[in-house]
Amino acid sequence: MDEPLNLVLFSGTDDKLQAAAVLTAGAAALGKPVNVFLQYWALDAFTRAKIGLDHGLAPEAGEAGRTAVDALAKAGQASWAETLRQAKDLGTVDIQACSLSMDLLGLEESDLDPLVDGVEGVTAFYLNAGEGHVVFI
Amino acid sequence: MTETAIPPIDVTLDARGSFCPGPLMELIRGMREAEVGDVIAVLSSDKGSKADIPKWVEKAGHNLIGVFTREGHDEIIVEKVR
């Protein structure tokens, strides 16, 4: 259980980010360290300007999926950002922005939400990942 | 365990309406603040809690007193051991 869980977040839609946040919180609750590496559209969703906005859903959600997700939110489900904040409070969760994606999106560190701990390259990500699983979402 | 054998509950955490893994996270926070020997009850309407919380309790080295099905929710009672 000491090897970290390593999540690479690529997609920036709210459903995938919610799934990733739940995986993170569960691992953090068990005392498993979690490394989150933000690339592309996931990184875009973690900017100060956009974190609180509606990021849409994956295409397979369709209209019925949209209705289901909205119903859960209305019933009080915490947002993915809030779930990640709670996970950080509970355990060891390190969230890093991919430096290539920072360049791609033209972002500075000051553009990122405080949930993001820093910026690193892919090599640092792999070194921190150790022997733990890498999950791409 | 029969209902009559439940020890007095020191803290009740009402996590009804919270979704997975919210009730477990509330329990972990509650356990941090509790004293060793305290008995904590978690109320959860999340269907995963009655599976997840006992597994966490075992791993964390606490004592699961019982899982009880109530009307519209489950009540999971745990003793803080360490």
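**Two chains, two sheets**

Student: In this predicted model, which residue in β4(B) stands opposite B:Ala41?
Tutor: Strand β2 (residues 39–44) of chain B pairs with strand β4 (residues 73–79) of chain B over 6 bridges, in the antiparallel sense. Opposite B:Ala41 in β4(B) stands B:Ile77.

Student: Which strands stand at the edges of the sheet in chain B?
Tutor: The sheet is open, and its 4 strands come in the order β1-β2-β4-β3, with mixed pairing. An edge strand has a single partner strand, so one side of it is left without a neighbour in the sheet. The strands that fit are β1 (11–14) and β3 (63–70) of chain B.

Student: At about what angle does helix α2 of chain B run to β4(B)?
Tutor: Chain B has 2 helices and 4 strands. Helix α1 (residues 22–33) of chain B packs on the sheet, touching β1, β2 and β4 of chain B, and its direction makes about 160° with that of β2(B). Helix α2 (residues 49–60) of chain B lies across β2, β3 and β4 of chain B. Its angle to β4(B) is about 5°.

Student: What is the radius of gyration of chain B?
Tutor: For 82 residues the globule rule gives 12 Å. The value for chain B is close to that, so the chain is as compact as a globular protein of that length. The radius of gyration of chain B is 11 Å.

Student: Which strands are the edge strands of the sheet in chain A?
Tutor: This open sheet has 5 strands in the order β4-β3-β2-β1-β5, and the pairing is parallel. An edge strand pairs on one side only. The edge strands are β4 (118–120) and β5 (134–136) of chain A.

Student: What is the bridge partner of A:Val8 in β5(A)?
Tutor: Strand β1 (residues 5–9) of chain A and β5(A) run parallel and are joined by 3 bridges. In β5(A), the partner of A:Val8 is A:Phe136.

Student: Is A:Ala81 buried, exposed or partly exposed?
Tutor: A:Ala81 lies in helix α4 of chain A. Leaving aside neighbours within four places in sequence, A:Ala81 is in contact with A:Ile51 and A:Leu115. A buried residue needs 20 or more other C-beta atoms within 10 Å, and an exposed one has 12 or fewer. A:Ala81 has 17, so it is partly exposed.

Student: How far apart in space are A:Ala81 and A:Phe46?
Tutor: In sequence, A:Ala81 and A:Phe46 are 35 residues apart. From C-alpha to C-alpha, the distance in space is 8.5 Å.

Student: Which element gives the most to the largest nonpolar core?
Tutor: In soluble globular proteins, nonpolar side chains tend to be buried together. The largest nonpolar core here has 45 residues, and among the members that touch the most others are A:Ala28, A:Leu38, B:Leu27 and B:Val42. With 8 residues, the element that gives the most is α1(A).

Student: How many charged residues are on the side of chain A that touches chain B?
Tutor: In total, 12 residues of chain A are in contact with 10 residues of chain B. On the side of chain A that touches chain B, α1 (14–29) and α4 (80–90) of chain A each supply at least two residues, and α1(A) gives the most, with 4 residues. By class, this side has 8 nonpolar and 4 polar residues. The number of charged residues is zero: there are no charged residues.

How values were computed
Residues numbered from 1 in each chain as written. Chains lettered and ligands numbered in written order. Predicted model: local features only at pLDDT ≥ 70, side-chain atom pairs only at ≥ 80, totals over all residues. Contact = placed C-beta atoms within 7 Å. Nonpolar A, V, L, I, M, F, W, Y, C, P; charged D, E, K, R; others polar. Rg over C-alpha atoms; globule rule 2.2 N^0.38 Å. Core = buried A, V, L, I, M, F, W, Y, C linked by C-beta atoms within 7 Å. Pairing = 2+ DSSP bridges. Axes fitted to C-alpha atoms, helices over the stretch in contact; angles between N-to-C directions.
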